[in-house]
Amino acid sequence: MKRFARSTLALGLSLAMVTAAQASDFEDMDPVTLRLAHVVNEQDGFHIAAVKFQELVAERTEGAVTIDIYPNASLGDERTLLEGMQIGTVDMGVITNGPVANFVEEMAVFELPFLFPSPEAAYDVLDGPIGQELLDKLSEVNLKGLAYAERGFRNLTNSEREVRTPADIDGLRIRVMENPVYTDTFSELGANAIPMAWTEALTAMQQGTIDGQENPVNVIHSFKLNETQTHMTLSRHTYAPAIFVMGMPVWNELPEAAQDVLRQAAQEAAEHERRYNADMEAEQLEELRAAGMQIVDDADLEAFQAAVAPVYEKYGEQFGDYLPRIREALE
């Protein structure tokens, strides 16, 4: 924690100095409006991050760059948004890492089950050389990665029964993100894993065509999943980053001073969202319990870890040297 706090303080001081020097860089810039899209609602951490980003960019460019926010999948699901960024019909977004990994498969290394022991451990890797290297790889597919926001540690919910061991998952129809690591993880746990866009999953839960899903507490709370999901297991099986990402077509049109502000603002907004998520989780869990959700916080996580070992055997080498480098960084 101390190391994280020191690095955050140092970053804040350096950003303050840079932005002070840039204040006059936007006097002659033609005003630009960027459309930032995400697929969740205004109570979600993605929106919290987007609003903070909007405020920082407006302040530091003296209004030369305006961010318009489009929540609730109003411009499409996450894959559609990323494809739009590639061709310039969408400017930018806050996008869950899972769909991003369909464009740069090495990004999925972060979401191997039970990889990160804590949020702080994840932040050290994401904000360090390994994370930056993978952000830079997005340029190979006409995308520009700015910073890692947060989806968070994911937990299982379902409408059928209490889940304490992998055996309890057997046969449950569980929606997962459209990413093979998630599909294989839940298949190894015995579920009928169903890849599906989030917008479709909400309808499927209401109609009972799926039994459950997996997401961080903040998502379960903000979407009131307790209304269709009676059980939650605090499995914390995967840490999921999210990414402030832009399309290269619009990025390349911006002056360097604006690019610098966008990068810095994205990092600060991401850290703001991380703090928000940490501060709110206990309160959100209590509200879900009060609403009648049955929450298991003592599941047999060692049994879960053992069950998903084949996922590492299948994907370990696929990510090149990223998995051993992450493990080394975590030691």
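**View 1. Arginine 325, a partly exposed residue with a relative accessible area of 23%, and its salt-bridge partner.** Relative accessible area here is sorted as buried (under 20%), partly exposed (in between) or exposed (over 50%), with a 1.4 Å probe and protein chains only. This is a predicted model: local features need pLDDT of at least 70, side-chain atom pairs need 80 or more, and totals for chains, interfaces and linings use all residues. Residues are numbered from 1 along each chain as its sequence is written, and side-chain values use heavy atoms, without hydrogens or water. The partner of arginine 325 is glutamate 133, which is also partly exposed, at 32% relative accessibility. The two form a salt bridge (a side-chain nitrogen of Lys or Arg within 4 Å of a carboxyl oxygen of Asp or Glu), and their closest N and O atoms are 3.1 Å apart. Glutamate 133 belongs to helix α6 and arginine 325 to helix α14 (residues 322-330), so the contact ties together parts of the chain that are 192 residues apart in sequence. Helices (H or I, at least four residues) and strands (E, at least two) are DSSP runs, numbered from the N terminus.

**View 2. Arginine 274 between a carboxylate and a ring.** Aspartate 127 forms a salt bridge with arginine 274, with 2.8 Å between the closest N and O atoms. This pair links distant parts of the chain, 147 residues apart: aspartate 127 is in the loop between α5 (119-126) and α6 (129-137), and arginine 274 is in helix α11 (residues 256-290). The burial of the two partners is not alike: aspartate 127 is partly exposed, with a relative accessible area of 34%, whereas arginine 274 is buried, at 2%. Arginine 274 also lies over the face of tyrosine 123, 4.2 Å from the ring centre. A charge sits over a ring if CZ of Arg or NZ of Lys is within 6 Å of the ring centre and within 35 degrees of the ring normal.

**View 3. The salt bridge of arginine 173 and aspartate 211.** The N to O distance between these side chains is 2.7 Å. Arginine 173 is in strand β5 (residues 173-176), and aspartate 211 is in the loop between α8 (198-207) and β7 (212-215); the pair spans 38 residues. Arginine 173 counts as partly exposed at 30% relative accessibility, while aspartate 211 is buried, with a relative accessible area of 6%.

**View 4. A network of salt bridges linking Glu106, Lys137 and Glu140.** The two glutamates and the lysine are joined through their charged side chains. The model has 18 salt bridges in total.

**View 5. Phenylalanine 53 and phenylalanine 244, one of seven aromatic pairs.** Rings of Phe, Tyr and Trp (its six-membered ring) pair if their centres lie within 6.5 Å; planes under 30 degrees apart count as stacked, over 60 as edge-to-face and the rest as tilted. The model contains seven aromatic pairs. The ring centres of phenylalanine 53 and phenylalanine 244 are 5.1 Å apart and the planes are at 35 degrees, so this pair is tilted. Phenylalanine 53 is in helix α2 (residues 45-60) and phenylalanine 244 in strand β8 (residues 231-247), distant parts of the chain that are 191 residues apart. Both phenylalanine 53 and phenylalanine 244 are buried.

**View 6. Tyrosine 315 and phenylalanine 319, a stacked pair.** The centres of these rings are 6.2 Å apart and their planes are at 15 degrees, so the pair is stacked. Tyrosine 315 is buried, with a relative accessible area of 4%, and phenylalanine 319 is buried as well, at 1%.

**View 7. A cluster of four rings, Phe116, Tyr123, Phe153 and Tyr239.** Ring pairs link these residues to one another. Tyrosine 123 is the residue whose face has arginine 274 over it.

**View 8. Arginine 151 over phenylalanine 46.** The charged end of arginine 151 sits 3.9 Å from the centre of the phenylalanine 46 ring.

**View 9. Two loop residues, aspartate 298 and asparagine 179.** Aspartate 298 is found in the loop between β9 (294-296) and α12 (301-307). The C-alpha atom of aspartate 298 is 7.7 Å from that of leucine 234, although the two residues are 64 residues apart along the chain. Asparagine 179 lies in the loop between β5 and α7 (180-188) and is buried, with a relative accessible area of 3%.
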